[in-house]
Amino acid sequence: MPMSGSTQDVALRGGVGTLAGGRVLSVDRVRLGYWGSRGFHLAVEEASFDVAARERVIVIGQSGSGKSTLLKAVAGFLPPAGGTIAVAGRTNLAPGPDRAVVFQEFDQLFPWRNVLENVAYPLRVNRWRRRDAAARAREYLDLTGLSHAADRYPHELSGGMKQRVAIARALALEPVILLMDEPFGSLDAITRARLQRELHGILERTQTTLFFVTHSIDEALILGERVVVLHGLPSTVREIVDVRDVGPPDSPSYAEMRIHLRELLAIEGDDDGDA
Amino acid sequence: MATPSVAVPARPRGARLRWGRLPAWLRYLLLLAALVGIWQLYVVWRDPSPLLFSGPRDVAEAFWAGWKDGNLARVTWTTLKILGIGIGIGAVVALTLTAFAALSQIGEDLLRMLVAILNPLPGVAVLPLAILWFGLNTNALLFVIANAAAWPIAINLDTGFKTVNPTIVAVGRNIGLSSRRLVTDVLAPAALPYAISGLKTAWAFGWRTIIAAELVFGVAGAEGGLGTYINNAKLFLDIPRVFAGLVTIAILGLVFETLFGFLERRTIVRWGMKTST
């Protein structure tokens with residue numbers, strides 16, 4: 001598939017206003033690895049998939065399957081060893097706010113900035129005027145239910161609230177595609193379930209294009225529209241599953257899909273790492 | 001043995017609590033008053049030779065007179081000025097070396113080696129050489145202080161930059177920071193706890209070094225500092241003035257301790273990067 005010019009033009013800024021059906025992310029025969037102490041370590045053998053505008057795509061795989069490596073490559077932190085990654089038609093990917101990332105770690109906030117400043121500062125970096133940046137930051141703090149904590153410092157927040165701030169910060173940048181690397185992986189089960197529901201609601205409202213990495217099948221089914229299953233070490237894409245119509249978690253179709261994904265991931269026994 | 005254990009800790013705990021409930025400034029004031037009281041008692045009881053020891057009253061008078069006629073203020077200002085410039089030079093040297101160390105392996109090796117060689121050296125130890133090189137003047141003092149201050153600052157800055165949380169650097173790059181702003185807006189504040197700690201050590205080292213240097217070599221340059229003041233007072237056997245100089249040093253130590261504490265509470269303690277002062 002020729003990469004240049006084939007993608008429909010997607011405006012760099014404002015994931016909301018982009019063309020419906022336009023391809024925002026295109027991963028084409030991508031090979032990924034990194035240099036370790038024992039030479040080159042191949043994490044992803046070959047992966048190909050697309051993410052359309054406003055679509056929510058979840059990459060799922062067991063630990064070591066290279067799913068985080070894939071996200072790092074899309075974010076521009078790691079150049080692919082082969083193949084091409086195109087975001088809105090661009091293939092020279094340096095890290096940038098058009099692909100805002102929410103990480104798993106709680107300490108991804110700037111400790112010396114309060115909650116409002118943590119959300120407003122990245123806007124300021126991207127040439128927003130002070131007042132506009134603050135107004136936009138407040139808007140997104142409202143959206144994530146953090147208005148009451150605007151002047152608190154990160155160390156005064158719980159883990160769940162810190163992740164909310166990180167989500168607000170990423171959303172406020174209105175990225176072409178929002179990247180999330182197991183953002184709820186360090187949370188307790190109850191907070192995680194609550195944040196999954198909240199995030200789902202927010203993404204529905206903002207129509208954000210999502211690229212989300214997790215090892216949890218339930219998280220993938222709750223948040224995703226399509227699930228890319230990575231399998232093997234180094235990994236390949238085993239299947240891309242449409243999960244739009246799985247129904248609520250207590251429905252038979254959900255249970256069926258869950259079993260299907262478990263089989264794809266080749267998980268033995270009852271424990272699949274979900275809480 | 002087990003049953004009365006509930007009642008046993010009650011009394012000492014209650015006694016401690018009453019002292020602990022007083023505000024901090026009052027606790028320290030009371031302790032200070034007690035120390036001065038013991039000092040006064042010793043003078044009254046043993047009546048030491050006024051050529052060897054002074055009581056709190058004489059010292060207070062000398063201290064007051066010294067500040068009133070401007071002599072103590074002048075020498076204090078001289079010392080602080082040289083100290084400030086010296087630490088400033090040391091900080092610039094340290095910053096340059098750590099930047100070099102962050103950029104290249106050879107820079108890192110150089111920093112490690114220089115720190116290993118020069119940090120354990122007491123600051124005054126290089127004074128004889130400094131006087132040979134610069135003459136008996138302020139420049140010699142500045143060299144000695146810069147040398148005493150540079151190494152603790154360099155060690156701390158180096159550790160500070162090396163221990164910056166990589167996730168926060170990734171976030172900085174992700175939101176589109178240029179390399180320059182990544183340094184000023186992310187790396188610098190992230191390394192601030194270490195920078196302050198390095199500055200505190202440099203201040204303490206520099207302070208000891210300058211007083212020692214002034215004491216040993218007497219007048220350094222046209223103007224004398226606090227060490228010179230103490231040394232001169234000793235030459236004239238004006239013991240209350242010796243003590244007045246020492247009290248000034250002690251008070252300045254307290255003042256700067258308070259200033260550093262204030263700075264830390266406003267920054268790294270407030271941000272949760274340091275738990276307490």
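**Exercise 1. Which residue in E9(A) is the bridge partner of A:His231?**

Solution. This is a predicted model, in which local features need pLDDT of at least 70, side-chain atom pairs count only at pLDDT 80 or more, and totals for chains, interfaces and linings use all residues. Residues are numbered from 1 along each chain as its sequence is written, while chains are lettered from A and ligands numbered from 1 in the order in which they are written.

Begin with the elements: strands (E, at least two residues) and helices (H or I, at least four) are DSSP runs, numbered from the N terminus. Strand E8 (residues 226-231) of chain A runs antiparallel to E9(A), and six bridges join them; two strands pair if DSSP finds at least two bridges between them. Within this pairing, the partner of A:His231 in E9(A) is A:Thr236. The two strands form a hairpin with three residues between them, and A:Gly232 in the turn has a positive phi of about 95°.

**Exercise 2. Find the order of the strands in the open sheet of chain A, and follow the pairing from one edge.**

Solution. Chain A has seven helices and nine strands. Nine strands form an open sheet in the order E4-E1-E2-E9-E8-E3-E7-E6-E5, with mixed pairing. At the edges, pairing on one side only, are strand E4 (82-87) and strand E5 (101-102) of chain A.

Starting from E4(A), the next step is strand E1 (residues 23-36) of chain A, which pairs with E4(A) in the antiparallel sense over five bridges; here A:Val27 stands opposite A:Ile85. E1(A) also pairs with E2(A), again antiparallel, over ten bridges, and a hairpin of two residues joins these strands. In this pair A:Leu32 has A:Val44 as its bridge partner in E2(A).

The step from strand E2 (residues 39-52) to strand E9 (residues 235-242) of chain A is parallel, with two bridges. Opposite A:Val44 in E9(A) stands A:Ser235, and opposite A:Glu46 stands A:Thr236.

**Exercise 3. Why do the buried residues of H9(B) lie on the same side of the helix?**

Solution. First list the buried residues of helix H9 (residues 179-190) of chain B, which are B:Asp185, B:Val186, B:Pro189 and B:Ala190. A residue is buried if 20 or more other C-beta atoms lie within 10 Å of its own, exposed if 12 or fewer, and partly exposed in between, with C-beta atoms placed from the backbone. These buried residues cover an arc of only 120° around the axis, which puts them on the same side of H9(B); the arc is that of the directions from the helix axis to the C-beta atoms.

On the other side of H9(B), B:Ser179, B:Arg180 and B:Thr184 are exposed. The buried residues pack against helix H8 (166-174) and helix H10 (192-217) of chain B, where two residues are in contact if their C-beta atoms, placed from the backbone, lie within 7 Å.

**Exercise 4. Identify the residues with the most contacts inside the largest nonpolar core.**

Solution. A nonpolar core is a set of buried Ala, Val, Leu, Ile, Met, Phe, Trp, Tyr and Cys residues joined through C-beta atoms within 7 Å. The largest one has 136 residues, and those with the most contacts inside it are A:Val119, A:Leu179, A:Phe211, B:Ile145 and B:Ala149. Helix H7 (residues 138-162) of chain B gives the most to this core, with 15 residues.

Taking A:Val119 as an example, and not counting residues up to four places away in sequence, its contacts include A:Ala137, A:Tyr140 and A:Val165.
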